[in-house]
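I opened this notebook to record what I looked up in one structure, entry by entry. I begin with a pair of neighbouring elements and finish with the chain as a whole.

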Amino acid sequence: MVHIGNSWDSILAEEFKSDWYMQLREFLKYEYSHFRVYPNMYDIFNALKYTDYYDVKAVIVGQDPYHGPGQAHGLCFSVKEGIEPPPSLKNIFSELNADLGVPIPRSGELTKWAKRGVLLLNTALTVREGQANSHKGKGWEKLTDAIISKLNAREKPMVFILWGGNARSKKTLIDGRRHLILESAHPSPLSAYNGFFGNRHFSRTNQFLAQNGIEPINWDLTT
């Protein structure tokens, strides 16, 4: 069974025992044994492993993992050290630089963000090689909806960052009176100029956290 190694284990215990999760598990067993699937099965829950429920300051919601070799490792938008950052991630770094003056890093690995309180959550946590959205509708959305709902129920406020239509569909799960919801176009080259660039989500996140007595996030991956 799933072992995350922090408070998520107890918080999601009922989900991991559910019939729908058992069906998802059987689907994944088949997929991993018959196809190349990303990320590595030991990396599927890295977003939860790196960012404990009680440590979450901000949630960035992605779609599904990168489907090219060596890219995905369980954190949305992040790629492993040594892999060229994909276009969407380059656009994220450009906006971060324009917003906060943070240097653009050479590496596209976002593990430091995860360890600093940014939950990097895709809506589907696995994908078949070369086939975007191939594991959509197989059960992952139920789990990620539960994760967002349980975070929403937390008394301590946080920021939900929703880029693109897929992420914005999660807005109905979030109480915008207690938490801050930031939404814009997706950072992909196809849509970044339709409202992603200039959204200032990084500085707005830190401003909200500071106003609520929470230490702002260090977004600088070079430190």
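**Entry 1: strand β2.** The model I examined is predicted. I first asked which way the side chains of β2 point. I noted that A58, I60 and G62 point one way from the strand, while V59 and V61 point the other way. I also recorded that all of these residues are buried. Five of the five residues of β2 are buried, so I describe β2 as largely enclosed by the rest of the structure.

**Entry 2: the neighbours of β2.** I then looked up the strands to which β2 is joined. Five bridges connect β2 with β3, which covers residues 118–122, and these two strands run parallel. As examples of the pairing, I found V118 as the bridge partner of A58 in β3, and I found V59 opposite L119. Four bridges connect β2 with β5, and this pair also runs parallel. In β5, L162 stands opposite V61.

**Entry 3: strand β3.** I asked whether the two faces of β3 are covered or open. Both faces are covered: V118, L120 and N122 lie on one side, L119 and L121 lie on the other, and all are buried. Because five of the five residues of β3 are buried, I describe β3 as largely enclosed by the rest of the structure.

**Entry 4: helix α9.** I turned next to α9, which spans residues 201–211. Its buried residues are H201, F202, S203, T205, N206, F208 and L209. I looked up what these buried residues pack against, and I found the strands β2, β5 and β6 together with the helices α5 and α6. The strand β2 from my first entry is therefore one of the packing partners of α9, and β2 itself is largely enclosed, since five of its five residues are buried. Just after α9, I noted that G213 takes a positive phi of about 75°.

**Entry 5: residue D99.** I chose one residue of helix α5 for a closer look, namely D99. Is D99 buried or exposed? Its relative accessible area is 8%, and a residue counts as buried under 20%, so D99 is buried. Leaving out residues up to four places away in sequence, I found that D99 touches R200, H201, F202 and S203. I also looked up the separation of D99 and F202: they are 103 residues apart along the chain, yet their C-alpha atoms are separated by 6.9 Å.

**Entry 6: the whole chain.** Finally, I recorded the overall values. I counted nine helices and six strands in the secondary structure of the chain. The radius of gyration is 17 Å, close to the 17 Å that the globule rule gives for 223 residues, so the chain is as compact as a globular protein of that length. The C-alpha atoms fill a box of roughly 45 × 40 × 30 Å along the principal axes. Of the 223 residues, 57% count as buried. Among contacts between residues at least 6 apart in sequence, 67% join residues at least 24 apart. The accessible surface comes to about 10,300 Å², and 49% of this surface belongs to carbon and sulfur atoms. I closed with the charges: there are 26 positive and 23 negative side chains, and the centres of the two sets lie 1 Å apart.

How values were computed
Residues numbered from 1 in each chain as written. Predicted model: local features only at pLDDT ≥ 70, side-chain atom pairs only at ≥ 80, totals over all residues. Heavy atoms only, no water. Buried < 20%, exposed > 50% of the residue type's maximum accessible area, 1.4 Å probe, protein only. Contact = heavy atoms within 4.5 Å. Pairing = 2+ DSSP bridges. Rg over C-alpha atoms; globule rule 2.2 N^0.38 Å. Areas by Shrake-Rupley, 256 points an atom, 1.4 Å probe, with all protein chains shown as cover. Lys, Arg positive; Asp, Glu negative; His and termini not counted. Charge placed at Lys NZ, Arg CZ, Asp CG, Glu CD.
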